[in-house]
Amino acid sequence: MEPGGPEDNGEASKTMISIESLEKAVARLEEGLQRSQAESTDLQLRDGLIQRFEFTYELAHKTLRRFLAERAPNPAEVQGLALAELIRTAHQQELLRGDWALWRTFREMRARTSHAYGEEAAHAVVALIPEFLACMSHKRSPAACEMDLSASLGLGFPS
């Protein structure tokens with residue numbers, strides 16, 4: 001049976017969203033941060049860390065968009081949301097504890113890395129990564145801005 005087909009009662013579209021890729025990306029970003037901190041003069045490690053941040057950031061909001069679309073009455077509306085509205089919606093639904101102001105900062109850092117970045121930009125991005133990880137890791141305290149996509153909502157993060 002195809003989702004949305006004639007025999008679909010809407011349950012097929014309510015499938016569990018896998019966050020395994022996102023969890024792996026967060027773990028690799030954490031590993032990269034630890035290595036970069038241990039070998040702070042290694043510019044190649046720093047640059048790799050920035051690339052891991054870029055990838056994890058992109059994957060985070062794409063996963064969030066898929067999750068919201070799966071549960072929306074009109075998934076096309078979610079697909080058309082600007083990132084700011086996507087984050088606000090997720091925050092209002094208590095899926096994300098970090099608000100738009102914080103995610104806008106992550107977005108600005110991501111935008112800085114998509115252009116040629118110098119030492120100042122690289123340092124700014126690396127300095128922001130621990131805060132980004134605090135928002136992404138379900139193992140941290142809620143006060144640290146954790147992303148709380150709970151198991152009860154189908155994503156598998158413990159609440």
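This report walks through the helices of a predicted model and the aromatic rings between them.

## Overall make-up

The model is predicted. Its secondary structure comes to six helices and zero strands. Read from the N terminus, the order of elements is α-α-α-α-α-α.

The protein has 159 residues, and buried residues make up 42% of them. Several residues discussed below belong to that buried part. One of them is F53.

## Helix 2

Helix 2 covers residues 43-71. What span should its 29 residues have? At 1.5 Å a residue, they should span 42 Å. The C-alpha atoms at the two ends are 43 Å apart, which agrees with that value.

The N-terminal end of helix 2 has a cap. The capping residue is D42. One of its side-chain oxygens lies 3.0 Å from the backbone nitrogen of Q44.

## Residues along helix 2

H61 sits in helix 2. Is H61 buried or exposed? Its relative accessibility is 12%, so H61 counts as buried. The cut-off for buried is under 20%. The side chain of H61 also makes a polar contact with the side chain of E58, at 3.2 Å.

T56 is another residue of helix 2. T56 has a relative accessible area of 0%, so this residue is buried. Along the chain, T56 and F132 are 76 residues apart. In space, their C-alpha atoms are separated by 9.6 Å.

## Aromatic pairs

How many aromatic pairs does the structure hold? It holds six. One of them joins F53 and Y57. Their ring centres are 6.2 Å apart, with 35° between the planes. This pair is tilted.

Where do these two residues stand in the helix? F53 and Y57 are four residues apart in helix 2, so about one helical turn separates them. An α-helix has 3.6 residues a turn, so residues three or four places apart point the same way. Both F53 and Y57 are buried.

## A link from helix 2 to helix 6

F53 has a second partner, F132. The F53 and F132 rings form an edge-to-face pair. Their centres lie 5.1 Å apart, and the angle between the planes is 85°. Why is this pair called edge-to-face? Planes over 60 degrees apart count as edge-to-face, so 85° qualifies.

This pair links distant parts of the chain. F53 lies in helix 2, while F132 lies in helix 6, which covers residues 119-136. The two are 79 residues apart. F53 counts as buried because its relative accessibility is 0%. F132 is buried as well, with a relative accessible area of 0%.

Ring pairs also build a wider group. They link F53, Y57, W103, F106 and F132 into a cluster.

## Around F106 and V125

V125 has its place in helix 6. Its relative accessible area is 1%, so V125 is buried. F106, a member of the ring cluster, is 19 residues from V125 in sequence. In space, the C-alpha atoms of V125 and F106 are 8.6 Å apart.

## How the helices cross

Helix 2 meets helix 6 with axes that come within 10 Å. They cross at roughly 50°. That angle makes helix 2 oblique to helix 6. The crossing of helix 2 and helix 6 is left-handed.

Helix 2 also packs with helix 5, which covers residues 100-114. The angle between helix 2 and helix 5 is about 130°, and their axes are 10 Å apart. Helix 2 and helix 5 are therefore oblique to each other. Helix 2 passes helix 5 in a left-handed crossing.

Helix 1 covers residues 20-38 and packs with helix 6. Their axes lie 11 Å apart, at an angle of about 150°. How are helix 1 and helix 6 arranged? They are roughly antiparallel, because angles over 145 degrees count as such. The crossing of helix 1 and helix 6 is left-handed.

Conventions
Residues are numbered from 1 along each chain as its sequence is written. This is a predicted model: local features need pLDDT of at least 70, side-chain atom pairs count only at pLDDT 80 or more; totals for chains, interfaces and linings use all residues. Side-chain values use heavy atoms; hydrogens and water are left out. Rings of Phe, Tyr and Trp (its six-membered ring) pair if their centres lie within 6.5 Å; planes under 30 degrees apart count as stacked, over 60 as edge-to-face and the rest as tilted. Buried means under 20% relative accessible area, exposed over 50%, partly exposed in between (1.4 Å probe, protein chains only). The expected span of a helix is 1.5 Å times one less than its number of residues. A polar contact is a pair of N or O atoms within 3.5 Å; within protein, one must be able to donate a hydrogen and the other to accept it, and residues adjacent in sequence count only if both atoms are side-chain atoms. Axes are lines fitted to C-alpha atoms, for helices over the stretch in contact, and angles run from 0 to 180 degrees between N-to-C directions. Angles under 35 degrees count as roughly parallel, over 145 as roughly antiparallel, 65 to 115 as roughly perpendicular and the rest as oblique. A crossing is left-handed if the near helix is turned anticlockwise from the far one by less than a right angle, and right-handed if clockwise.
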